[in-house]
Amino acid sequence: MIILKSSSTFSIPVLFDVHAFRDDLLFWYEENKRDLPWRQNQDPYRVWVSEIMLQQTQVDTVIPYFNQFMNRYPTLEDLADADEQEVLKSWEGLGYYSRARNLHTAVKEVVENYESTVPHDKKELKKLKGIGPYTLGAILSIAFNQPEPAVDGNVMRVISRILHIEDDIAKNKTKKLFEEVVQELISEEDPSSFNQGLMELGAMICHPKSPKCEICPVQSHCMAYEKGDQTDLPVKTKNKKQKVQQYYGLVLRNKNHEYLIQKRPSDGLLANMWEFPLIQRDQLKDEELISFFETEYGINIKLEEKGESVRHVFSHVIWEVDVIFATITKGNTQHIDGQFLNKEQIEQYPLPNVQQKIKKQI
C-alpha cells in the first residue's frame with residue numbers, strides 16, 4: 001500500500017496494481033497518441049509555448065496558432081526580441097492574453113539570465129512568470145524527463161475515476177492531493193509519456209459526460225467503472241454565477257473614413273490590447289451618448305445606426321455590448337487618446353475577440 005503525506009485524506013488501495021496501470025497506459029499512449037506539432041521533439045521552448053497555449057483552450061484551436069507562432073518566433077531569442085504588440089497580435093483570437101504577456105516576459109528573462117536555455121532546475125523554472133504548478137510539471141516531465149506531476153482538469157478527471165477519489169476538485173487542497181497521487185503513480189523511466197498519456201486519455205477516452213469506457217485501455221484498473229458511477233466523478237462544486245456587464249461599443253468614424261481605436265490599460269483584463277471605445281451602459285442612456293462625447297472628448301458626434309449586439313463570456317464575467325455607429329460632425333480630435341485608422345490599418349493592431357466581433361460589422 002502506498003501512503004501519501006500525512007496531510008492527505010487518501011491512500012492508494014492495496015489491491016491497486018500501480019505497475020500494471022503504468023504499463024497499460026504507456027502502451028496505449030505509444031500506439032494511439034495524436035500526431036501534434038509540439039510532439040515532434042522535446043525542445044523545452046516548443047513544449048513551453050504549447051503548454052501555455054493549451055491552458056483553457058482546445059487542441060484543435062491551438063494547432064494553427066502554435067504553427068504560426070513558431071514560424072514567426074522559432075527561437076527563444078526571436079520571441080524575446082519581439083515587440084509586445086506584435087506578440088499580442090500573433091495571439092489575437094486565442095484569448096486569455098495574459099498568457100502571452102507572461103510568456104513574453106519569462107522568455108526575455110531566460111535569454112537575459114539563463115543564456116537562452118530553459119532551466120531544468122525546478123526552483124529556477126518555478127521563478128519564471130506564468131509558470132504555475134501544472135506548467136512546471138509539464139515542462140520538467142515532457143521536455144526533461146523528470147518525474148514531476150502535471151495535473152490539469154483532464155488528469156484530475158481520469159485519476160478521480162481510476163482511484164474513485166471523491167474530493168471536490170474545485171478546491172486548491174484537492175489539486176495538491178492529486179499532485180501527490182500522480183507523484184506516486186508516475187513512471188520513473190518515462191515520465192514524459194506517462195503524463196502525456198494521462199492527458200491524452202482524458203481528451204480522447206475519459207470524457208466528462210460520455211466516457212468511452214468500453215474501449216478504455218485502463219478499464220480493468222478503474223474503480224469508478226467497477227462501481228458504475230464514473231459519470232458522477234469528478235466531484236466539482238459549481239462556480240459562482242458570472243457577473244454581467246453591459247457596454248456601448250462605439251464605432252466612431254471621422255471625415256476621412258477612419259475609425260477610433262484606443263489602447264487598454266497596461267494591467268487588468270485584456271491589458272495592452274486595442275478596442276473601439278467601450279462605455280458602461282449604467283453610466284448613461286442612449287440619448288445621452290452625444291452629450292457624453294461632447295463633455296468627455298470635446299467633439300460633436302452624430303449617431304448613425306445600431307449594429308448587431310455582441311456578447312463575450314470571460315472566465316469570471318460576461319460582457320454584453322450594444323454596438324453603435326457614429327460620425328464626428330465637429331471638434332478637434334488631435335487631443336483624443338487613441339488612433340484614427342482605416343480598416344486596413346486596424347488589421348495591424350491586436351484586438352481581443354469581443355472587439356473582433358465589432359470590427360466585422362464595419
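The side chains of His164 and Asp229 are joined by a polar contact of 2.7 Å; such a contact is a pair of N or O atoms within 3.5 Å, where, within protein, one must be able to donate a hydrogen and the other to accept it, and where residues adjacent in sequence count only if both atoms are side-chain atoms. The model is a predicted one, in which local features need pLDDT of at least 70 and side-chain atom pairs count only at pLDDT 80 or more, while totals for chains, interfaces and linings use all residues. Residues are numbered from 1 along each chain as its sequence is written, and side-chain values use heavy atoms, with hydrogens and water left out.

His164 sits in the loop between helix 9 and helix 10; helices (H or I, at least four residues) and strands (E, at least two) are DSSP runs numbered from the N terminus. With a relative accessibility of 14%, His164 counts as buried, the classes being buried under 20% relative accessible area, exposed over 50% and partly exposed in between (1.4 Å probe, protein chains only). Beyond residues up to four places away in sequence, His164 touches Ile159, Met223, Ala224, Lys227, Asp229 and Leu233, where contact means heavy atoms within 4.5 Å. Cys222 is 58 residues from His164 in sequence, yet their C-alpha atoms are 7.8 Å apart in space. Leu233, one of the residues touched by His164, is joined to Pro234 by a cis peptide bond with omega of about 0°. Pro234 itself belongs to the loop between helix 12 (223–227) and strand 3 (243–253).

The cysteines come next. The structure holds 0 disulfides, a disulfide being a pair of cysteine sulfur atoms within 2.5 Å. For Cys213, the closest cysteine sulfur is that of Cys222, and the 6.4 Å between them is too far for a bond. Cys216 is likewise in no disulfide, with the nearest cysteine sulfur, in Cys206, 6.4 Å away. Both residues are buried, Cys213 at 14% relative accessibility and Cys216 at 18%.

The largest nonpolar core has 99 residues, and those with the most contacts inside it are Trp48, Phe69, Ile159, Leu163 and Leu185. A nonpolar core is here a set of buried Ala, Val, Leu, Ile, Met, Phe, Trp, Tyr and Cys residues joined through side-chain atoms within 4.5 Å. Helix 8 (residues 133–143) gives this core its largest share, 7 residues. Apart from this core lies another, of 16 residues, including Leu250, Leu260, Leu289 and Tyr297. Leu163 touches Phe10, Ile12, Pro13, Phe16, Val181, Leu185 and Met223, residues up to four places away in sequence not being counted.

Two of these partners, Val181 and Leu185, are among the buried residues of helix 10, alongside Thr174, Leu177, Phe178, Glu180 and Val182. Helix 10 (residues 172–185) has 14 residues and reaches 20 Å from its first C-alpha to its last, close to the 20 Å expected at 1.5 Å a residue; the expected span is 1.5 Å times one less than the number of residues. The cover over its buried residues includes strand 2 (11–12), helix 1 (18–32), helix 9 (153–162) and helix 11 (191–204).

Helix 2 (residues 44–54) has 10 of its 11 residues buried, so it is largely enclosed by the rest of the structure. Trp48 is one of these buried residues, as are Arg46 and Glu51. Among the elements covering them are helix 3 (59–72), helix 4 (76–81), helix 5 (84–91), helix 6 (98–113) and helix 8. Just after helix 2, Gln56 takes a positive phi of about 65°, although Gln56 is not a glycine. Gln56 is exposed, at 63% relative accessible area. His257, in the loop between strand 3 and strand 4, also has a positive phi, of about 60°, and is exposed at 51%.

Asn272 lies in the loop between strand 4 (259–263) and strand 5 (274–275) and is buried, with a relative accessible area of 10%. Its side chain makes a polar contact of 2.7 Å with that of Glu84. Outside its neighbours within four places in sequence, Asn272 is also in contact with residues including Gln85, Leu88 and Arg101.

Finally, strand 8 (residues 310–313) shows alternating side chains, with Val310 and His312 pointing to one face and buried, while Arg311 and Val313 point to the other and are not. Strand 8 pairs with strand 9 (residues 317–330) in the antiparallel sense over 4 bridges, pairing being assigned if DSSP finds at least two bridges between two strands. A hairpin through 3 residues joins the two, and His312 stands opposite Trp319 in strand 9.
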